[in-house]
Amino acid sequence: MQTEHPSANNRINLFGEIISEAEFSHDVHGEGFYSFNLLVSRLSDAYDTLPITISERIMDKTKFVMGNNVAISGQIRSYNNYIEEERRNRLVLTVFAKDYEFKNSADIDENPNDVFLDGFICKPPIYRTTPFGREIADLLLAVNRSYNKSDYIPCITWGRNARFGAKLEVGDNIRIWGRMQSRIYQKKQDDGSAIEKTAYEVSVSKLEHGAGDVNS
């Protein structure tokens, strides 16, 4: 059986407005990478603010400026960032841009936030209900990529998908379709105060495992 290329396991397509200046992020073997935030609309009146990472080798720095609209295709990547004050590693997500095109919103007729992932459950699912009785299950998906690396991507499922996802076991291979979202939350400090933080995750609209699939 032919093995699917790892890049096919992790795809994201976004369209939105650049809302921060592209700033230098890091260097890998002489290749510089820049990061900025992209404001992506939902079907409702809400928006998601998503972090983008792009190589200097493909970006036109004169166009990656605040206010421009851009369509980006790439992958969701994860890495561990050590937080000194917390003395622990924190999982950080970013969208790694592989291609882009500057467009007007009037030219966009596809989903502005479209994600596909094919990976493996790497932690026991966490099932819960909201105060209003809505069912939720949190999944952590390990998605393989080249050079024996993996990205660890938090996913959130709802309703029937949550009930289905709660029964999954570590090592199960699943495929999901959905969108990447940002979520602001309050984190309590040791002194009792709270600071505002942003979490990123994939909100699942369709989940497939084995021969069956579930739509939310």
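This report describes the fold, one pocket and several individual residues of a predicted model.

## Overall architecture

The protein has 216 residues, and 39% of them count as buried. Its secondary structure consists of one helix and 13 strands. In sequence order the elements run β-β-β-β-β-β-β-β-β-β-α-β-β-β, which places the helix after ten strands and ahead of the last three. Among contacts in the protein with a separation of 6 or more, 61% are between residues 24 or more positions apart. The accessible surface amounts to about 12,800 Å², and carbon and sulfur atoms hold 46% of that area.

## The second largest pocket

The second largest pocket has a volume of about 290 Å³. Its lining is made up of 16 residues. Those that lie nearest the centre of this pocket are Leu43, Asn111, Asn113, Arg179 and Ser205. By class, the lining holds four nonpolar, eight polar and four charged residues.

Two strands each supply at least two residues of this lining, namely β11 (173-188) and β12 (194-209). Strand β12 gives the most, with three residues.

## Aspartate 48 and its surroundings

Aspartate 48 belongs to strand β4, which spans residues 47-55. Its relative accessible area is 1%, so aspartate 48 is buried, the limit being under 20%. The side chain of aspartate 48 has a polar contact of 2.7 Å with the side chain of arginine 42.

Beyond residues up to four places away in sequence, aspartate 48 touches Leu38, Leu39, Val40, Arg42, Asn113, Arg179, Met180, Gln181 and Ser182. Two residues in this contact list, Asn113 and Arg179, are also among those nearest the centre of the second largest pocket. Methionine 180, another contact of aspartate 48, is 132 residues away from aspartate 48 in sequence, with a C-alpha to C-alpha distance of 8.1 Å.

## Glutamate 135

Glutamate 135 is part of strand β9. With 17% relative accessibility, glutamate 135 counts as buried, because that value is under 20%. Its side chain takes part in polar contacts with two other side chains: that of tyrosine 127 at 2.5 Å and that of arginine 163 at 2.9 Å. Apart from residues up to four places away in sequence, glutamate 135 touches Tyr127, Arg128, Thr129, Thr157, Trp158, Gly159, Ala162 and Arg163.

## Serine 20

Serine 20 sits in the loop between β1 (10-18) and β2 (23-28). Although placed in a loop, serine 20 counts as buried, since its relative accessibility of 18% is under 20%. The side chain of serine 20 reaches the backbone nitrogen of asparagine 37 at 2.8 Å. Setting aside residues up to four places away in sequence, serine 20 touches Phe36, Asn37 and Met66.

The polar contacts described for these three residues are listed below.

| Side chain | Partner | Distance |
|---|---|---|
| Serine 20 | Asparagine 37, backbone nitrogen | 2.8 Å |
| Aspartate 48 | Arginine 42, side chain | 2.7 Å |
| Glutamate 135 | Tyrosine 127, side chain | 2.5 Å |
| Glutamate 135 | Arginine 163, side chain | 2.9 Å |

## The loop between β9 and β10

Tyrosine 147 lies in the loop between β9 (135-145) and β10 (149-158), and asparagine 148 has its place in the loop between β9 and β10 as well. Most residues other than glycine have a negative phi. Tyrosine 147, which is not a glycine, has a positive phi of about 60°. Asparagine 148 likewise has a positive phi, near 60°.

The side of the exposure scale is clear for each of them. Tyrosine 147 counts as exposed because its relative accessibility of 75% is over 50%. Asparagine 148, at 83% relative accessibility, also counts as exposed.

## Lysine 188

Lysine 188 is found in strand β11, one of the strands that supply at least two residues to the lining of the second largest pocket. Lysine 188 has a relative accessible area of 72% and is therefore exposed. Outside its neighbours within four places in sequence, lysine 188 is in contact with Ser193 and Ala194.

Methods:
Residues numbered from 1 in each chain as written. Predicted model: local features only at pLDDT ≥ 70, side-chain atom pairs only at ≥ 80, totals over all residues. Heavy atoms only, no water. 1 Å grid on protein atoms, 1.4 Å probe; cavity = no way out; pocket = protein on both sides within 12 Å on 5 of 7 lines; lining within 4 Å. Points joined across faces, edges and corners; volume = space filled by probe spheres on them. Helix = DSSP H or I, 4+ residues; strand = E, 2+ residues; numbered from the N terminus. Nonpolar A, V, L, I, M, F, W, Y, C, P; charged D, E, K, R; others polar. Buried < 20%, exposed > 50% of the residue type's maximum accessible area, 1.4 Å probe, protein only. Polar contact = N/O pair within 3.5 Å; in protein donor to acceptor, adjacent residues only side chain to side chain. Contact = heavy atoms within 4.5 Å. Areas by Shrake-Rupley, 256 points an atom, 1.4 Å probe, with all protein chains shown as cover.
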